[in-house]
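Colleague: Could we walk through this one together? I am new to reading structures, so please take it step by step.

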Amino acid sequence: GRADSLLRLASAVLGEEFRPSAGAVYPESGWWVRRAGDFAVALDFGGVGLHGRGSHAHNDDFTFCLDWRERTVIADPGTFLYTSDRAARNRFRSTFFHNTLAVDGREQRELSDEPFLLPGRDKAFPATRLGEDAWAFRRQVGPAITHRREISVRCELVSIRDVVEGSGRHKLQWRFHLHPAVQPGVSPRGFTLVV
């Protein structure tokens, strides 16, 4: 919802004209963004950064945020506090506080008592273009288990498909954190979200 303001600011500061793009992928930093119709989606497929130290990283591989008509619907809960309450900080950077998949109730990476350490993969995960409006992202979630998240954003539809490949039985859990202004409700066809 702030793209126009940011583009005007960049134009004023840099003396160039900038126009919004319908979508972009940033393979070095691990971000994918797409706008179509009333929807805007951003997905994080980056590593932890800082040569694998992850000082400000969260367990948020393949998490996404979704806006509809410039209103946040599915949000990132944020950071909470950095140092005064380390248990709360870890809760907010845990897998379960992000809009992603957890396998067998495990964290994506082990959380540390150190507030500025979350060791892990430094580079972004592999990304594959599936079409003009869709991409797929892949990561290992266990010794022989892979997670592939496919995401597509069209004018009338946002589609997220998770594929888990491997052997054995596994418990899969998804969390979708709604913005506080969004009210969920039950309907005969599933659920509704009132923005």
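Colleague: Is Phe62 buried or exposed?
Modeller: This is a predicted model, so every value here is computed from it. Phe62 sits in the loop between S3 and S4. Residues under 20% relative accessible area count as buried. Phe62 has a relative accessible area of 0%, so the class is buried.

Colleague: Near what value is phi of Phe62?
Modeller: Phe62 is a residue other than glycine, and its phi is positive. Its place is the loop between S3 and S4. The angle is near 70°.

Colleague: Which other loop holds a residue like that, if we look at Asp104?
Modeller: Asp104 also has a positive phi in a residue other than glycine, near 60°. With 30% relative accessibility, Asp104 counts as partly exposed. Its loop is the one between S6 and strand S7 (127–131).

Colleague: How far apart in space are Gln173 and Asp104, C-alpha to C-alpha?
Modeller: Gln173 belongs to strand S11, residues 172–174. In sequence, 69 residues separate Gln173 from Asp104. In space, their C-alpha atoms are apart by 7.9 Å.

Colleague: What does Gln173 contact, leaving aside its neighbours within four places in sequence?
Modeller: Start with its cover: Gln173 has a relative accessible area of 18%, and because buried means under 20%, Gln173 is buried. A contact needs heavy atoms within 4.5 Å. On that basis, the partners of Gln173 are Phe96, Thr100, Leu101, Ala102 and Gly105.

Colleague: Is Val164 buried or partly exposed?
Modeller: Val164 lies in strand S10, residues 158–165. Leaving out residues up to four places away in sequence, Val164 touches Leu101, Ile145, Thr146, His147 and Leu172. Its relative accessible area is 29%, and since buried means under 20% and exposed means over 50%, Val164 is partly exposed.

Colleague: And where is Ser94 found?
Modeller: Ser94 is buried, at 5% relative accessible area. Not counting neighbours within four places in sequence, Ser94 is in contact with Asn59, Glu107 and Leu111. Its place is the loop between helix H2 (86–92) and strand S6 (101–103).

Colleague: Which strand gives the largest share of the largest nonpolar core?
Modeller: That core has 18 residues, and those with the most contacts inside it are Trp32, Val41, Leu43, Phe45, Leu66 and Phe137. Elements giving two or more residues to this core include strand S2 (31–36), strand S3 (39–44) and strand S8 (134–142). The largest share is three residues, and it comes from S3.

Colleague: Which residues does Leu66 touch, not counting those up to four places away in sequence?
Modeller: Leu66 is among the residues with the most contacts inside the core. Its partners are Phe39, Ala40, Val41, Arg71, Thr72, Val73, Ile74 and Val158.

Colleague: Stepping back, what is the radius of gyration of the protein chain?
Modeller: The chain has two helices and 13 strands. Its C-alpha atoms fill a box of roughly 45 × 45 × 35 Å along the principal axes. A compact globule of 195 residues would have a radius of gyration near 16 Å, and the chain agrees with that, at 18 Å.

Colleague: How much of the accessible surface belongs to carbon and sulfur atoms?
Modeller: Of the 195 residues, 36% count as buried. The accessible surface of the chain comes to about 11800 Å². The part belonging to carbon and sulfur atoms is 53%.

Methods. Residues numbered from 1 in each chain as written. Predicted model: local features only at pLDDT ≥ 70, side-chain atom pairs only at ≥ 80, totals over all residues. Heavy atoms only, no water. Helix = DSSP H or I, 4+ residues; strand = E, 2+ residues; numbered from the N terminus. Buried < 20%, exposed > 50% of the residue type's maximum accessible area, 1.4 Å probe, protein only. Rg over C-alpha atoms; globule rule 2.2 N^0.38 Å. Areas by Shrake-Rupley, 256 points an atom, 1.4 Å probe, with all protein chains shown as cover. Core = buried A, V, L, I, M, F, W, Y, C linked by side-chain atoms within 4.5 Å.
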